[in-house]
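The following exercises concern the fold, the sheet, one helix and the ligand shell of a single protein chain. Each task is followed by a solution in steps.

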Amino acid sequence: MVGKRVLLHICCAPCATVGIETLKNELCEIEGYFFNPNIYPKEEYQKRLQSTEKLSKMLDIGLITDEYNPEEWKKAVKGMEKEKEGGRRCTQCFRFRLEAAAQKAKEKNIPNFTTTLTLSPYKNEKLINSIGQEIGERRNINFIKYDFKENGGFQKSITLSKQYDIYRQSYCGCEFGKLV
Ligand code: SF4
């Protein structure tokens, strides 16, 4: 029996390892969505995209990608460039990506969406989940709350990334985060 259809916003392959496993255990039909115009530079974006493609093939899930458009993202965080990681720029960055994920799920007639962003120990899962829920309510689509880092999820993602031989980056993603 196949469970609910879920669009899973994927920020990067290592963070997706645990999210995909969790959703599969819940018998969900997963469509991955790699939407991360925050990533800088383009070479890094390509690296993270390629490792997500590799993981999706290995774990047999669908994967949707869009054009890389960092200018659009930069406009969304304008004036917040100097914020520290975890501050207002990151809140806006989460919102930007989750709005796109909700939009894509609607376009594809997928009734549920969620994100791999909560895996990172540097990211506030309550904030991410509250943004997702607010967007879901406004756009009339179900956001599923998770905290993928709980129960040793982050450690597990490191083990799985090694096992699948996928690239693990050393910084969050944007050029401004690299500066702080
Ligand atoms: S540090 Fe990470 S979450 Fe924050 S704005 Fe940059 S890419 Fe987005």
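Two strands are taken to pair if DSSP finds at least two bridges between them. The model is a predicted one.

**Exercise 1. Determine how the strands are arranged in the sheet, and which of them stand at the edges.**

Solution.
1. The open sheet holds 5 strands, in the order E3-E2-E1-E4-E5, with parallel pairing.
2. Strand E3 (62–65) and strand E5 (142–143) each have a single partner strand and stand at the edges, so one side of each lacks a neighbour in the sheet.
3. Between E1 and E2 there are 6 bridges, in the parallel sense.
4. Within this pairing, Leu 8 lies opposite Gly 32 in E2.

**Exercise 2. State the order of helices and strands along the sequence, and assess the compactness of the chain.**

Solution.
1. The protein chain contains 7 helices and 5 strands.
2. Along the sequence they follow the pattern β-α-β-α-β-α-α-β-α-β-α-α.
3. The radius of gyration is 15 Å, close to the 16 Å that the globule rule gives for 180 residues; the chain is therefore as compact as a globular protein of that length.
4. Along the principal axes, the C-alpha atoms fill a box of roughly 50 × 40 × 30 Å.
5. Of the contacts with a separation of 6 or more, 76% are between residues 24 or more positions apart.
6. Of the 180 residues, 38% count as buried.

**Exercise 3. Describe helix H1 (residues 13–25): its span, its buried residues and what covers them.**

Solution.
1. H1 has 13 residues and reaches 18 Å from its first C-alpha to its last, close to the 18 Å expected at 1.5 Å a residue.
2. A residue counts as buried if 20 or more other C-beta atoms lie within 10 Å of its own. In H1 the buried residues are Ala 13, Pro 14, Cys 15, Ala 16, Thr 17, Val 18, Gly 19, Ile 20 and Leu 23.
3. The elements covering these residues include strand E1 (5–10), strand E2 (29–34), helix H2 (42–59) and helix H6 (153–164).
4. Just after H1, Leu 27 adopts a positive phi of about 60°.

**Exercise 4. Identify the residues around the ligand and the element that gives the most to the shell.**

Solution.
1. The residues around the ligand are Asn 38, Glu 85, Arg 89, Cys 90, Cys 93, Cys 172, Gly 173, Cys 174, Phe 176 and Gly 177.
2. By class, the shell has 5 nonpolar, 3 polar and 2 charged residues.
3. Helix H4 (88–107) and helix H7 (175–179) each supply at least two residues of the shell.
4. H4 gives the most, with 3 residues.

Technical notes
Residues are numbered from 1 along each chain as its sequence is written. This is a predicted model: local features need pLDDT of at least 70, side-chain atom pairs count only at pLDDT 80 or more; totals for chains, interfaces and linings use all residues. Helices (H or I, at least four residues) and strands (E, at least two) are DSSP runs, numbered from the N terminus. The radius of gyration is taken over C-alpha atoms; the globule rule is 2.2 Å times the number of residues to the power 0.38. A residue is buried if 20 or more other C-beta atoms lie within 10 Å of its own, exposed if 12 or fewer, and partly exposed in between; C-beta atoms are placed from the backbone. Two residues are in contact if their C-beta atoms, placed from the backbone, lie within 7 Å. A residue is near a molecule or strand if its C-beta atom, placed from the backbone, lies within 6 Å of it. Ala, Val, Leu, Ile, Met, Phe, Trp, Tyr, Cys and Pro count as nonpolar, Asp, Glu, Lys and Arg as charged, and the others, Gly among them, as polar. The expected span of a helix is 1.5 Å times one less than its number of residues.
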